[in-house]
Amino acid sequence: RQDYIMDCISANESLIEDYSMVSDLTKFAGGESLNLVHWKLSAKTNSLIVKQYNKNIETKASIIMDTGKNHYSFEKNIITEDKIIEAAVSLSNYCAVNNINTEFFYFSSILLTHEIDGAATFYDLYETLSTISFNQDIYAEDVFPVSLKSTKNKSNIILITSNLTDKLYKELYKHSICGYKINLIYIVPDINKISWTVYDHHPEQ
């Protein structure tokens, strides 16, 4: 499942990298998007070479994790919660490794925020996530808009949830037409699958 998440992030690399300037050429390590392959050079060297682009120093991300209580069987709850944590850890680690300043939001009696700006802060969050409980009566549909009020970031908004409701869809729609670039990671209960959607609204011309 982690590979799936990284593939999805690779598909959205235009959000986090400056494609106007190549900063380095490296051997293909696995997991990079094929769009980054330097095909001419790869043909000459008989090995896959990928292009590395300058990171946009203004890049920020906001990850919002739903800690709302799930009403499945005990076993299904455990599986679903593990998937949510796995997605959150994978995304947070990716941001830390790539020096993307990230705000991580979740609800535990109150709205809590962790700043991720490197390996040390990622491990602090990792320790927190290992003890978190999914026992809140407040869900993504309410945490999502409150979290956005706490950040100036409007791009790279990532919501992780296993609870989709009409109210949440309305919040996603409302904020997308206000210019927020929202990525929804839906954790599908009892299916070995994670669904990723870029929720983007294009007003009619």
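In which loop does S109 lie? In this predicted model, S109 belongs to the loop that joins β4 to β5 (110-116). The backbone there deserves attention, since the phi of S109 is near 75°, a positive value in a residue other than glycine. With a relative accessibility of 60%, S109 counts as exposed, because the threshold for that class is over 50%.

A second residue invites comparison with S109. N156 is likewise not a glycine, yet has a positive phi of about 60°. This residue is found in the loop between α5 (140-149) and β6. Its surroundings are described by another class: N156 has a relative accessible area of 6% and is therefore buried, the limit being under 20%.

From these loops the reader may turn to the interior. In soluble globular proteins, nonpolar side chains tend to be buried together. Here the largest nonpolar core holds 21 residues, and the members that touch the most others are M65, I85, F104, L129, I132 and I160. At least two residues of this core come from each of β3 (60-65), α3 (74-97), β4 (101-108), α4 (119-129), β6 (157-161) and β7 (182-187). Helix α3 provides the largest share, seven residues. I132 illustrates how such a member is placed: apart from its neighbours within four places in sequence, I132 is in contact with M65, T67, I85 and Y106. Of these partners, M65 and I85 are also listed among the core residues that touch the most other members. A second core, separate from the one just described, comprises 14 residues, including F105, A140, V143 and I182.

Charged side chains provide a further set of links. Side chains of opposite charge can pair when their charged atoms come close. How many salt bridges does the structure hold? There are three.

One of them joins D137 to K69, with 3.2 Å between the closest N and O atoms. Because D137 lies in the loop between α4 and α5, and K69 in the loop between β3 and α3, this pair ties together parts that are 68 residues apart in sequence. The two partners fall into separate accessibility classes: D137 has a relative accessible area of 59% and is exposed, whereas K69, at 29% relative accessibility, counts as partly exposed.

Another salt bridge is formed by K167 and D142, whose closest N and O atoms are 2.8 Å apart. This pair also links distant parts of the chain, for K167 is in helix α6 (residues 166-176) and D142 in helix α5, 25 residues apart. K167 counts as partly exposed at 40% relative accessibility, and D142 is partly exposed as well, with a relative accessible area of 30%.

The remaining salt bridge is found within a helix. The side chains of E171 and K174 meet at 3.5 Å, N to O. Both residues lie in helix α6, three residues apart, which is about one turn of the helix. Is E171 buried or exposed? With a relative accessible area of 12%, E171 is buried, while its partner K174, at 43% relative accessibility, counts as partly exposed. Helix α6 thus contains both partners of this pair and also K167, the residue that is linked to D142 in helix α5.

Note on methods: Residues numbered from 1 in each chain as written. Predicted model: local features only at pLDDT ≥ 70, side-chain atom pairs only at ≥ 80, totals over all residues. Heavy atoms only, no water. Core = buried A, V, L, I, M, F, W, Y, C linked by side-chain atoms within 4.5 Å. Buried < 20%, exposed > 50% of the residue type's maximum accessible area, 1.4 Å probe, protein only. Helix = DSSP H or I, 4+ residues; strand = E, 2+ residues; numbered from the N terminus. Contact = heavy atoms within 4.5 Å. Salt bridge = Lys/Arg side-chain N within 4 Å of Asp/Glu carboxyl O.
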